[in-house]
Amino acid sequence: MTTFFTNSLWAVIASNAANKPDEVVLRDSNKRACSYASFVDGVNSYALFLMKAGVRQGDRVLFLEKPSIRAIKIFFAIYRLGAVAVIVDPAMGRSNFSSRVEFSECKFVVLDPVLSIIERIPMATSLIRKIHPGIPDLRIKLPQIIVLPNHAEKIDGDFNEQSQQDSDDALIIFTSGTTSVPKGVVHTFGSLFATLNLIKSEINTDKSDVFLSNQLHFLIIALISGATGIIDTGIKFNAKRFLSLVRDIKPTHVFLLPAEGQKIVDEFGYEGEKIPTSLKCVMFGSAPVLTGFLEKFTKIISSNTKVLCIYGSTEILPISVTTAEEKIAFGTRGDYLGRPLSGTKVQIENEEFLVSGKNLCARYLNEGGSMLYFSSGDLGFVTNEGALVLTGRKKDMIIKNHHNVYPSLFESTICKIKGVKNCALVGVYDENEQDEKIHLCITKDNISMSDDAFIKHVENALRSGEFSIDSYALPDNIHIMELPLSGRSQKINKQKIREILTESV
């Protein structure tokens, strides 16, 4: 008899399905709908398909599916077999993407049908990535590929249910490291479930709520809350499209990146019109949410719409949550992050936040021992009321959109491009876009190209081919210049470069 696994997360979803099987739990922006009963049947059917393909308990399965109802079913099907889901950002350049796939030691890859077509035509990858860098560069050695059908048939017959421990591995997700060695963050079912429940408790959901997002974890909160999740299937965020969906679907909760929020502000362009009052809660996270942006965003929402700013990391999310009102009222003495959430402990050592809690990941992949606390690399202090205030970053890191960009991870690759003698990636904050812009500064080697032609040559190399880099690290501007050096070691002086770029803007 077939054996499926039940974990703490699936138990809640199965309970909701038993209580209201015919109630719609998921929709997409194309108005396709899925009931609880249909969702559970689809998950179990996909699990059986994966089992027949060879997936077993403990196997690591690389998940490469675009946002859809089908994708969420497949994600849970992996868990129904007691396997481990592996998430690798498809926007990575070929080298980084390949190293993470190899490092994770996946046995299988669940590949979106569209990507499976691209995978069979190597030249297509190069052309498509020039237009959409978010498409993975599949010209690498992949584990066994599984392409699942768009619709899985309902399983007939019984199957055994076996409980899985909260301490079992559930999810491996990669975060950029300060070197070329990948950092795989391993979350257990316990830490994953704690993460979702912490966010759920902060946004105070009920069964009548409607969530709109293309973020998998946010939609899972809808599943465990008994609410309805709407999947935005758009490949790229578009403010006009988003506002149209909000007016049409009338979601109560949305999750946005600050850069996406800024695009919404730009779309309004004037005061007077506001986002529909049906929106009860807007959550911002995955990147710094600064006061200047919030002051503009709060002008286009109803006074009844709550704006929450979430602080956390891949290793432990969330750490703290605050409201736009609290953040704005704090002033300019740093970036106000709010109080640590229930069960989350933050210590300060040499001004750095050291964080622990039940939602902390178990460990880094292929590193021994359990993680007792997370060294955040963020510097700051705690107020008398116990709130965290961020004052700076310990690491040489750029935060672009919702990605942490570590320059040293890419500079060595960029220097291999023909004609590049030396280079430096630096971030300069852009007040208009409420985001950091990435500047690539290059000293040219002997190469017979004009500066304009050379810049185009570098841009093409970074987007596709042997020296392609992660799409979120692609520079907004490329400058040809002599790089300033400092100290006995004559290291590149990035602070001086930032000053030069800031003065020239």
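**Empty spaces and a nonpolar patch**

Leu212, Ser213, Asn214, Asp232, Phe237, Phe242, Val254, Phe255, Leu256 and Glu260 line the largest cavity. Two elements each give two or more residues to that lining, β11 (210-213) and β13 (253-256), and β13 gives the most, with 3 residues. (Strands are DSSP runs of E, at least two residues, helices are runs of H or I, at least four, and both are numbered from the N terminus.) This is a predicted model, where local features need pLDDT of at least 70, side-chain atom pairs count only at pLDDT 80 or more, and totals for chains, interfaces and linings use all residues. Residues are numbered from 1 along each chain as its sequence is written, and side-chain values use heavy atoms, with hydrogens and water left out.

So what is a cavity here? On a 1 Å grid over the protein atoms alone, a cavity is a set of points where a 1.4 Å probe fits but cannot get out, while a pocket is an open set with protein on both sides within 12 Å along at least five of seven lines; lining residues have an atom within 4 Å of a point. Points are joined across faces, edges and corners, and a volume is the space filled by probe spheres set on them. The structure holds 2 cavities of 30 Å³ or more, and the largest has a volume of about 100 Å³.

Turning to the pockets, the second largest takes up about 580 Å³. Its lining has 24 residues, with Pro288, Leu290, Asp335, Arg393 and Tyr429 lying nearest the centre. Strand β22 supplies the largest share of this lining, 4 residues.

Val382 sits in strand β21 (residues 374-382).
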